[in-house]
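Visitor: Could you take me through one part of this structure closely, the salt bridges and the residues that form them? I am new to this, so please explain the terms as you go.

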Amino acid sequence: MKTILAAYSGVLKGTGCSILSALQDLSVAFWPCRSKMEKQLQVISVLQWVISFMAMGAACTVLLIYMFCTDCWLISAIYTAWLIVDWNTPKQGGRRSSWVRNWTVWTYFRDYFPIRLIKTHNLLPSRNYIFGYHPHGIFCFGAFCNFGTEATGFTKKFPGIKPSLATLAGNFRLPVLRDYLMSGGICPVNKNSIDYLLSCNGTGNAVVIVIGGASESLQCAPGMNIVTLKNRKGFVRLALQKGSDLVPVYSFGENDAYKQVIFEEGTYWRSLQRRLQKIIGFAPCLFHGCGLFFGNSWGMVPYGNPITTIVGEPITVPKIEDPTEEMVDLYHSMYIRSLQCLFDKYKTRFGLKESDVLYIQ
């Protein structure tokens, strides 16, 4: 009897081991599929942001006009009326949503490149700040992910500081897109909006301005370290008027997201880009990434190169309601030196050579 029980027990043990082994083999077999699915979700999350930024406003405007000609005209009328009432909200701090900023889709967005946020110094919640973000790149992926979402944990790294990424004011005149942007804490890059955040919204505010803007996007390409800054002094004057500290921010890898055809100054195509930039507010760049299904083809999907954003040391700025040109130049030169030091200190840690130089134009 004991012999039979022992034999039966051995069979059960053997069966259990076989089942466990089979399950382990099964999980290993399915793991590549899971990994591939995560990669696809990452691509979709990035592509939806690119398409939303480029086409959502125009598509929703056309849809709103079209609905006025259908049986759904009442919906369009109600939304249009609400849009008129809500018109000044973007200039008055916007309508930030913690729920939207913490969407899971932004973690996939972050992991596609991946994007990292590096803190170098503490920021005091009792002060307001102007972050100067460099470089622009094509779509400012690092700026959006770090300051327009919580994917990289900004509020945990900088407790008590509320970031507001500033972008083209024209985006906030487009239906639906304006609400989408405001939900991430994104605001118009105009005087009224920034004045409100730095003067009427208490302390602990950090307005993130991409200093180089559209002009800088025309110079971005893999391996290029060029920022447009020499003649950009408005943000320094504003910092002095509001007594807000200046913080240089540099994103290594921002220019590696797309490849761009860069036309030389003086050529017809460069002149056309400049002219269109003045008319529509942004520079039409001729760029490409990789394809949606094949990595070696051309498409709108950015290349998955790492983007590392370094938040530098704040420059303490006094409050001067009417700063002189000399004072503006002084703090502007201090800012340039601080940005240069930030770049030189971290460049070799994030893929650049010691001989690489940051060109400031």
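Guide: Of the 361 residues in the chain, 45% are buried, where buried means under 20% relative accessible area, exposed means over 50%, and partly exposed lies in between (1.4 Å probe, protein chains only). This is a predicted model, in which local features need pLDDT of at least 70 and side-chain atom pairs count only at pLDDT 80 or more, while totals for chains, interfaces and linings use all residues. Residues are numbered from 1 along each chain as its sequence is written, and side-chain values use heavy atoms, leaving out hydrogens and water.

The secondary structure comes to 12 helices and 12 strands; these are DSSP runs numbered from the N terminus, with helices (H or I) of at least four residues and strands (E) of at least two. Contacts, meaning heavy atoms within 4.5 Å, often span the sequence: among those between residues at least 6 apart, 77% join residues at least 24 apart.

Now to your salt bridges. A salt bridge is a side-chain nitrogen of Lys or Arg within 4 Å of a carboxyl oxygen of Asp or Glu, and a search of the whole structure finds 13 of them. Let's start with D195, which is found in helix α8 (residues 191-199). Its side chain meets that of K242 in a salt bridge, at 3.4 Å from N to O. This pair links distant parts of the chain, since D195 is in helix α8 and K242 is in helix α10 (residues 234-242), 47 residues apart. The two partners have their own settings: D195 is buried, with a relative accessible area of 14%, whereas K242 is partly exposed at 24%. Leaving aside residues up to four places away in sequence, D195 touches C200, L238 and K242. The C-alpha atoms of D195 and L238 are separated by 8.5 Å, and these residues are 43 apart along the chain.

Next, look at R95, which forms a salt bridge with D179, the closest N and O atoms being 2.9 Å apart. R95 lies in the loop between α2 and α3 (98-101) and D179 in helix α7 (residues 177-183), so the pair ties together parts that are 84 residues apart in sequence. Both ends can be described by their accessibility: R95 is partly exposed, with a relative accessible area of 34%, and D179 is partly exposed at 22%. This pair also has company, as salt bridges that share partners join D86, R95, R178 and D179 into one network.

For another kind of pair, find R110 and D111, neighbours in number, whose side chains meet in a salt bridge of 2.9 Å, N to O. R110 counts as partly exposed at 23% relative accessibility, and D111 is partly exposed with a relative accessible area of 34%.

You may wonder about disulfides too. A disulfide is a pair of cysteine sulfur atoms within 2.5 Å, and by this rule the count comes to zero. Take C140: the nearest cysteine sulfur, that of C220, is 9.1 Å away. C140 is buried, with a relative accessible area of 12%.
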